[in-house]
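Reader: I'd like a close look at one part of this thing, please. Could you pick a spot and walk me through what's around it?

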Amino acid sequence: MTSEALSTDEKARPAAANSSRRVPLSRGLSTKLLFLTIAFVLLAEVLIFLPWIASYRVNWLKERLSTAAAVSIVLLQGEPNALSHNAQNDVLMAIGAKAIAVRDGGVSRLLVVSDMPPQVDEHIDIADVGLVNGMTGALDTLFFGGKRMLRVFGPVGDSDKEFELIMPDYRLRDAMLRYSRNVAVVSLLISLFTAMLVYAAIDLIMIGPIRTMTRSILAFSEAPDDPGRVISPTDRSDEIGVAERELAQMQDRLQKMLSEQKHLADLGLAVSKINHDMRNILASAQLMSDRLRQVKDPTVQSFAPKLVRALDRAVSYSEGVLAYGRTQEPAPSRRRLRLRQLVDDVHGLLDIETGIEFINGVEHAFEVDADSDQLFRVLSNLCRNAVQAMAADTESAVVRRLAVAAERHGSVSRITVTDTGPGLPPKARENLFAAFRGSARSGGTGLGLAIAHELIRAHGGTVELVESIGGRTVFAVTIPDQPVRLDQARNGLRRPA
C-alpha cells in the first residue's frame, strides 16, 4: 500500500468517526419527543372519543324519539284516520322511521306505519343506556352497522307514556361517521398544536441543554488537552444545572489527570531507556568486578565482595524496573503442577548465604493448578525478599529460616512463605503491593510484591500478608482451581474406559 493511500485512509477515519458520533435528526431526542407527544395526545383523544361517540349516538336517537313522541301526541288527540297514507309516509320519512307506536297503561298502539320490517335486529331502551353498553353499542354501530333494523323505545320528557320507534340504522351510522371525522380532524390539530408547544417548552428547558452537553462531550473527547473544550456551566439550579457543573468539574479534573499521565508516561519512557543502557553498563562492571576477586591484594579482597553486592543490587533494580514497565503480563497458561519440585527449583536459584535454613514443607503428592513460569516468579520474589531481609541481620545467634508449605481447602490451594526475619516496617505494610513504595529495605523498588500480586490476581487468587512481627513474617498465596466447563466434563464422562 502506498503512502498516498495510507494518508487517504487516515483522513477518512476521523471523518467516519465524526459522522458516527452525529445523531441523525430522525433519531434525535427532539424528534422522538415530538412524535411521542403527538401519539400520546391522540391516545388521549381516542380515550375521550369513546364516551363522546356513545353520547352522540344516544342523543341522536333521543332526538328522533322526541320527534316521534310529538307526532304521536298529535295523532292521539285527533281522529284515528286523520292522516292519509301519503301523509304518514311523509312523517316517517322525515323522522327516518318505519313505524311509530305508543304504549299507554300496558296497551301498545301502532300509530303510523309504512312497511313493517320482518324482524328487528336490536332493541334499545333509551332510559337504560349506561356508559359501558353505550360505548360498545356505539362502536358496534360505527364498525358493523348500516344494514340493521332498530327498535328504540322509552319515555319522553314528563309523559307517562312510552314511545316506540322502528327505524334502520344507516342514517345513524352516517351521522356518527361524519361526527367521528370531524372529531379526528380536530383531535389531530389539537395534538399537533399541543406537541409543538410541549416540544418548544421541553426543548428550551431540557433538550437544548442536553444537546449542548452532548456536543461538549464529543468536542472534549476529540481534544481533551484543549482547555477551550471544557463546558461552561450555566447558573441553573435544577438537575440540568447540577449536571452541567459536574460535567465541567469532571472535564477539568480529567484534563489535569491526562496532563499528569502524559508527563509520567514521558518520564517513564526516559527512565526505561536509561535503565536499559544502565543495565548494559552494569553488566560490564560485573565482569570487571569478578576479575577483581582474582587479585590477591588484601585491600582489594576486602572491598570486592561489597562492590559485587552493590552491582548485583543495581542490576536487579534495573531489571525489575524494565520488567514492571511492560504493558501487560501474558494470560496464565494453567496446568497441574507438582509444587514441591517447583519450590526446589526456586531454592536452587536463590543466592542463600550460609546460616540461612531453607525448608521445603510441601508434600510430594501436592498439586496446584497454575502457570509454571508465573508461579515460579511469584515464589522467587517472595523467597528472595525473605532471604534479603534475613541476610541483613548479622547477629550469629539469630535463627534464620525460610519455609514454604502448602495446603488444600476444597478446590483452593494455599501456599505459605514463612521467614524469621525482622518483619516489615509500617511504611512497607501500608504500601504493600504498590510499586516503588512498598519496599522493606533501603534501595529496594517494591516491584517484587507488585508483580507477584498482579500475576496471582490473573489466576483469580490473592497474595496477602498474614503476619509480620519481629522474628516471623508470613505471606499466603491463594490460588483457586480453574472451573471445569460443563461440555468438557460431559465429553470426559462419555469417553470409554
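Author: Sure, but a bit of vocabulary comes before the tour: helices (H or I, at least four residues) and strands (E, at least two) are DSSP runs, numbered from the N terminus. This is a predicted model, where local features need pLDDT of at least 70 and side-chain atom pairs count only at pLDDT 80 or more, while totals for chains, interfaces and linings use all residues. Residues are numbered from 1 along each chain as its sequence is written, and side-chain values use heavy atoms, leaving out hydrogens and water.

Our spot is Arg-57, which sits in helix H2, running over residues 29–77. Is Arg-57 buried or exposed? Arg-57 counts as buried because its relative accessibility is 3%; buried means under 20% relative accessible area, exposed over 50%, and partly exposed in between (1.4 Å probe, protein chains only).

So who's around? Leaving aside residues up to four places away in sequence, Arg-57 touches Glu-122, Ile-124, Gly-134, Gly-137, Ala-138, Thr-141, Leu-172 and Met-176 (contact means heavy atoms within 4.5 Å). Thr-141 is also a polar partner: its side chain and that of Arg-57 make a polar contact at 3.3 Å. That term covers a pair of N or O atoms within 3.5 Å; within protein, one must be able to donate a hydrogen and the other to accept it, and residues adjacent in sequence count only if both atoms are side-chain atoms.

For context, an unreviewed UniProt entry annotates residues 33–54 and 183–207 as "transmembrane region"; UniProt positions follow the numbering used here, feature names are shortened, and annotations may be inferred rather than shown by experiment. Residues 33–54 are 100% helix and 0% strand, with end C-alpha atoms 32 Å apart. Residues 183–207 are likewise 100% helix and 0% strand, and their end C-alpha atoms lie 32 Å apart.
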